[in-house]
Amino acid sequence: MRHLHGKTISVVFISLLFATVLNANSVDLSGYARTYAGALLRGDNDYIIQNTFNLNIEHSRDKVAFKANPYIYHYPNLELDIGLREAYMDIYFNTVDIRIGKQQVIWGKADGVFITDIVSPKDLSEFLLRDFDEIRMGITSVKLDYYLGDNTFEIVWAPIFTSTQMPDENSIWRPEMDFPMAPVFDNSKKDVDMNIKNSEVFVKYSRISSVIDFEIMGGYMWDDDPAMHITKKINPQNNQLTGITVTPRHHRLGVGGGSFTSTVGPLVLRGEGAFYYGKYFNSEDMTLVDGVIEKNYIHYLAGVDFTVRDIHFSTQFVQQAILDYDEQIKNDQFENTITAMAFRDFLRETLRLELFSYIGLNNYDALVRPKITYKLTDGFTLLLGANLFVGSEGNFGQYDENDMIYLKVRYDF
Amino acid sequence: MSIKKLNLVLMAILIALPSMIFSQEKLTGLQIIQKVYDRPTGKDQNGELVMSLINSRGNQRVRKIKQFVKDFGNMEKKIMFFTSPADVNNTSFMNWSYNEKGKDDDQWIYLPALKKVKRISSDSKSDYFMGSDFTYDDLGDRHPASDKHKLLREEKFNGEDCYVIESIPNEEEYMYSRTVTWIVKDKWIGQKKEFYDEDGEHLKTLSVKKYEKIKDYWILLDSEMHNVQKDHTTKMELSNVKVDTGIPASKFTERMMKRGI
């Protein structure tokens with residue numbers, strides 16, 4: 001968790017004050033307050049209470065606009081977690097829009113899967129359980145969109161690299177790391193220096209039409225997830241392993257891909273895929289220098305949405321395939337996942353029953369998320385849900401001890 | 001006027017009169033519905049829509065929408081920006097509907113929480129729009145060829161001379177077994193419409209409360225849909241209506257869905 005600093009308080013305080021003063025000049029304020037209480041179903045039934053305040057401050061004039069999105073997470077007995085999810089300015093021309101500042105950039109057609117949606121890194125502090133607008137992190141960048149009818153050309157230049165936000169060391173969401181002994185972390189190479197040479201560039205062409213909507217994209221970026229370079233200490237006398245040092249380091253990654261969506265009668269079809277060039281995978285071969293192997297891989301999905309008897313279904317098959325596979329790589333050559341969602345609205349859309357699930361086919365593990373959402377009145381929502389992890393290993397099974405139920409109460413304004 | 005000219009005029013009237021009378025009598029249910037369908041509403045239109053959902057206990061929920069519509073000749077594009085309640089603020093919806101019979105609408109929704117424009121299926125025309133008493137199909141222009149129309153009678157309704165038309169859908173599985181519409185003569189505007197469910201029971205009634213001539217077009221402003229089976233009502237009030245202002249085609253794009261009003 002990012003802790004509260006005096007400087008941060010000042011920035012937020014000034015932002016809020018600024019917003020309040022400007023309110024008289026038609027600054028739009030919107031957002032929500034939310035209380036979230038969750039309890040683990042196993043062990044000591046540990047519980048979490050989180051209070052959130054999320055504010056959107058927006059103002060626009062004819063050709064310009066700005067938005068700031070400060071947020072506060074409050075956990076009892078812990079310091080406040082305060083930040084700016086977004087803070088940017090827009091300049092609108094006839095056929096060009098330019099957005100400058102910290103912003104979330106969302107690409108692709110997939111739901112809940114990140115294939116071409118790789119511009120904004122992820123906040124995995126609570127694995128994939130936060131709402132999607134909270135998982136996506138803003139990046140400081142310049143985005144330019146050029147419009148030609150229903151065609152859009154977009155370029156994003158990010159001079160400052162932002163990596164995936166991983167859970168704290170003591171968090172129950174910290175992913176498993178499989179080492180023969182407790183490693184020592186050397187974070188000296190974790191950061192990417194701020195200079196022009198280290199910036200990231202993403203381009204996209206997209207079109208919507210009566211027949212099909214599609215996107216074609218490319219990126220020259222840093223891998224948001226650091227490769228874990230491993231140095232071993234071996235006692236020369238008995239050849240025994242005496243220590244492991246893990247050095248996280250980000251590497252350059254090239255990405256090219258696309259996505260589409262189209263309707264065929266009552267079906268909405270979608271597909272998305274990307275080729276990733278130069279990904280570092282960890283190896284199981286402890287004798288290998290650095291413990292990593294560089295490979296290319298592809299990641300793609302096919303999905304369909306449909307409705308039967310007022311129940312809306314959405315399902316996707318996702319595959320990640322490592323090319324020119326080496327048996328020493330820890331990851332499977334093919335990793336297959338299914339996502340499935342079903343929901344139905346009742347009582348004039350005030351009550352929704354929903355079930356969302358990730359199902360890992362390699363390890364027969366899953367994350368199952370049933371939810372009941374009830375709108376007590378407009379803008380006031382009660383949500384009762386559960387996060388159930390199935391299996392004992394894999395992306396979801398590793399959190400088998402973290403099954404939980406939760407209640408969220410949210411007030412939108 | 002000379003006698004000869006007068007005779008010619010009288011002859012012309014005598015020739016034309018029966019055909020005029022005949023043509024008025026001859027209007028069929030389909031022709032009347034076609035005239036309603038073809039009634040000009042301008043090349044483009046924008047306005048603010050307030051939708052009030054009122055349940056049997058009188059509790060009210062209000063949705064506010066800013067909408068823009070433009071006729072592109074062979075298709076009509078509509079974009080709606082939801083401004084209230086707070087939890088749907090900045091959501092937008094775009095619909096492209098086609099004159100070509102049988103061609104489905106194309107629809108997209110922009111959800112600000114996902115920051116993504118999603119294509120959705122327009123197949124669920126029987127779904128209720130935002131929990132109201134209007135289905136998506138009720139809000140669209142149903143093609144006259146989709147139903148068989150019959151002129152039941154002519155009568156005065158709300159002080160206006162009306163045709164009463166019964167429409168029975170060609171599609172067997174359609175959500176209504178029949179509808180009955182009161183259409184104001186010469187204005188070609190529906191005053192009232194009764195909807196009957198699949199069992200033939202009266203389901204709901206649409207009543208037009210207010211319409212005005214804006215520029216040269218009759219525009220429906222206030223209407224009310226009452227579900228008699230559930231005793232639930234939805235009021236639709238359209239205000240600040242502007243017609244033929246020259247809304248650019250670029251208003252009906254993904255760019256505008258994301259940017260908002």
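Is Arg348(A), at 23% relative accessibility, buried, partly exposed or exposed? Arg348(A) counts as partly exposed, because its relative accessibility is 23% and that class lies between the limits of 20% and 50%. The legends below describe close-up views of a predicted model.

**Figure 1. Salt bridge between Asp133(B) and Arg348(A).** The closest N and O atoms of Asp133(B) and Arg348(A) are 2.8 Å apart. This pair crosses between chains. Asp133(B) belongs to the loop between β6 and α3 (136-139) of chain B, while Arg348(A) belongs to the loop between β18 (334-346) and β19 (351-360) of chain A. Asp133(B) counts as buried, because its relative accessibility is 0%. Its partner Arg348(A), at 23%, is partly exposed.

**Figure 2. The interface of chain B and chain A.** About 3,200 Å² of area is buried between chain B and chain A, and carbon and sulfur atoms give 42% of this area. Lys115(B), Arg119(B) and Arg255(B) supply 24% of the area that chain B buries against chain A, which is more than any other three residues. The contact involves 49 residues of chain A and 39 residues of chain B.

**Figure 3. Salt bridges and polar contacts across the interface of chain B and chain A.** Nine salt bridges are found across this interface. In one of them, Arg255(B) pairs with Asp97(A), and the closest N and O atoms are 2.6 Å apart. Polar contacts across the interface link 23 residue pairs, with both residues at pLDDT 80 or more. On the side of chain B that touches chain A, the elements that give two or more residues are β2 (60-71), β4 (92-98), β5 (106-111), β6 (116-120) and α4 (254-259) of chain B. The largest share of that side, four residues, comes from β6(B).

**Figure 4. A nonpolar patch on the surface of chain A.** The patch is formed by Leu144(A), Tyr146(A), Leu148(A), Phe153(A), Ile155(A), Trp157(A), Ile196(A), Val201(A) and Val203(A). Together these residues have about 750 Å² of accessible area. Three strands of chain A, namely β7 (139-148), β8 (151-158) and β10 (200-207), each supply at least two residues of the patch. Ile196(A) is placed in the loop between β9 (184-185) and β10 of chain A. With a relative accessibility of 61%, Ile196(A) counts as exposed, because the limit for that class is over 50%.

**Figure 5. Salt bridge between Lys143(A) and Glu154(A).** The side chains of Lys143(A) and Glu154(A) meet at an N to O distance of 4.0 Å. Lys143(A) lies in strand β7 of chain A and Glu154(A) in strand β8 of chain A, so the salt bridge ties together parts that are eleven residues apart in sequence. Lys143(A) is buried, with a relative accessible area of 11%. Glu154(A) is buried as well, with a relative accessible area of 7%.

**Figure 6. Surroundings of Pro183(A).** Pro183(A) is located in the loop between β8 and β9 of chain A. Its relative accessibility is 26%, and Pro183(A) therefore counts as partly exposed. When residues up to four places away in sequence are not counted, Pro183(A) touches Ile244(A) and Val246(A). Thr247(A) is 64 residues from Pro183(A) in sequence, and the two C-alpha atoms are 9.9 Å apart in space.

**Figure 7. Salt bridge between Lys187(B) and Glu160(B), with a network in chain A.** The side chains of Lys187(B) and Glu160(B) meet at 3.1 Å, N to O. Lys187(B) lies in the loop between β9 (178-184) and β10 (189-196) of chain B and Glu160(B) in strand β8 (residues 160-169) of chain B, so the pair ties together parts that are 27 residues apart in sequence. Both Lys187(B) and Glu160(B) are buried. In chain A, salt bridges that share partners join Arg34(A), Asp131(A), Glu134(A) and Lys408(A) into one network. Over all chains, the structure holds 45 salt bridges.

**Figure 8. Chain B as context for the close-up views.** Chain B contains four helices and 13 strands. Its C-alpha atoms fill a box of roughly 80 × 45 × 35 Å, taken along the principal axes. Of the 261 residues in chain B, 46% are buried. Chain B exposes about 13,600 Å², and carbon and sulfur atoms supply 51% of this area.

Key:
Residues are numbered from 1 along each chain as its sequence is written. Chains are lettered from A and ligands numbered from 1 in the order in which they are written. This is a predicted model: local features need pLDDT of at least 70, side-chain atom pairs count only at pLDDT 80 or more; totals for chains, interfaces and linings use all residues. Side-chain values use heavy atoms; hydrogens and water are left out. Patches are made of residues with over 30% relative accessible area and no salt bridge: like charges are joined within 9 Å, nonpolar side chains (Val, Leu, Ile, Met, Phe, Trp, Tyr) within 5 Å. Accessible areas come from the Shrake-Rupley method with a 1.4 Å probe; for residues, only the protein chains shown count as cover. Buried means under 20% relative accessible area, exposed over 50%, partly exposed in between (1.4 Å probe, protein chains only). Contact means heavy atoms within 4.5 Å. Buried area is the accessible area (1.4 Å probe) that two parts lose on being put together, summed over both. A polar contact is a pair of N or O atoms within 3.5 Å; within protein, one must be able to donate a hydrogen and the other to accept it, and residues adjacent in sequence count only if both atoms are side-chain atoms.
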